[in-house]
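Work through these exercises with the sequence and coordinates open. Try each task before reading its solution.

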Amino acid sequence: MDNHKEFLKLAEIYQAYSLVNTYIEETSYTKTSAFSDEVIQEAIFNASRFLVNNLGSRVPNGINIVYVFYAMATLGYKFEAFKTAREGFEKLLSLKVPKAWQERVDIDHLKIRAKPYNDKEGLAWTCNRCICVNPLINPKGDFCVQCGAPGIRNFGSFDCLPLVEFVPESNVPPVRVKELLKMDPPSAESDGGAGQPRQRRN
Amino acid sequence: MINLPYADWLSVNDRFDEAQQAYKKANRPDLSLKIIEFLTANAISEKRFKDAAQYYFALSTESLKLVKNPQ
């Protein structure tokens, strides 16, 4: 069972890393426009944040951590997530950066010091369970800092989906659970009674 | 009976996905897992990370199946 969880996590990590790896290799060695689209760049920024959150103490084979932090730092700078970018650049200082990037990393690291030490509003992930605004990176893991609910990511663009896992009470039969889920929530005007079942179109 | 030598033959002839299925039919999930592990390591060293993710996902589902049928 532990094996299953670890393999699943590694599968997610490699899926995210494949995106970051293609981005870095394509943009540093060729001048293609495939990655100039802002939506794709945001997906790569999300993927790099997902990797930083999930890698923890793991060092999976073949994953170049410099690529991850470089993508996070440069794209964070671009999306005005200065706090995240600064953390990325500081991590890069302790790693061995390819010579070709060294000058750019040093200059960007200087430039980012002139920027405010916070992330742009609207980028932060709001936990769907406790409505707490989370920081962009949480190296302890990919969960809410307040309530510990895991962020459920979409593996295309790596943003968090508005999903909350819940378990119905064991004494409620499954058929009744389905009925209750189809009902409207009780409105403020009614006296807290259950709403009428909603008409559903298939 | 015939599945095990057939699976060996498939793996010698580079048909790893089919070999993995044949090992499963031959009731040798350990060899099937070994094939996927080998494919995963190759995918990583060749920088095919999407394939690596797919193989890790296969590994995770296979290891879950082993839990359900402990033999």
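**Exercise 1. Locate A:E80 and describe its backbone and surroundings.**

Start with position. A:E80 sits in the loop that joins α3 (65-78) to α4 (82-93) of chain A. Helices here are DSSP runs of H or I with at least four residues, strands are runs of E with at least two, and both are numbered from the N terminus.

Next, the backbone. A:E80 is not a glycine, yet its phi is positive, about 60°. Most residues other than glycine have a negative phi.

Last, the surroundings. A:E80 has 16 other C-beta atoms within 10 Å, so it is partly exposed. The scale is this: 20 or more other C-beta atoms within 10 Å of a residue's own means buried, 12 or fewer means exposed, and in between is partly exposed, with C-beta atoms placed from the backbone.

The model is predicted: local features need pLDDT of at least 70, side-chain atom pairs count only at pLDDT 80 or more, and totals for chains, interfaces and linings use all residues. Residues are numbered from 1 along each chain as its sequence is written, while chains are lettered from A and ligands numbered from 1 in the order in which they are written.

**Exercise 2. Repeat the analysis for B:N27.**

Position: B:N27 lies in the loop between α2 and α3 of chain B, just after α2(B). Backbone: its phi is positive, about 65°, although B:N27 is not a glycine. Surroundings: B:N27 counts as exposed because it has 12 C-beta neighbours inside 10 Å.

**Exercise 3. Which residues of helix α2 of chain B are buried, and why do they fall on the same side?**

List them. Helix α2 (residues 16-25) of chain B buries B:A19, B:Q20, B:A22 and B:Y23. They span an arc of only 165° around the axis, so they lie on the same side of α2(B). The arc is taken over the directions from the helix axis to the C-beta atoms.

Then find the cover. It includes α1 (3-12) and α3 (29-45) of chain B.

**Exercise 4. Summarise the fold of chain A and its side facing chain B.**

Count the elements: chain A has six helices and two strands. From the N terminus on, their order is α-α-α-α-α-β-β-α.

Check burial: 26% of the 202 residues of chain A count as buried.

Now the interface. 14 residues of chain A are in contact with 14 residues of chain B; contact means C-beta atoms, placed from the backbone, within 7 Å. The chain A side has seven nonpolar, seven polar and no charged residues. Nonpolar covers Ala, Val, Leu, Ile, Met, Phe, Trp, Tyr, Cys and Pro; charged covers Asp, Glu, Lys and Arg; the others, Gly among them, are polar.

Note on methods: Contact = placed C-beta atoms within 7 Å.
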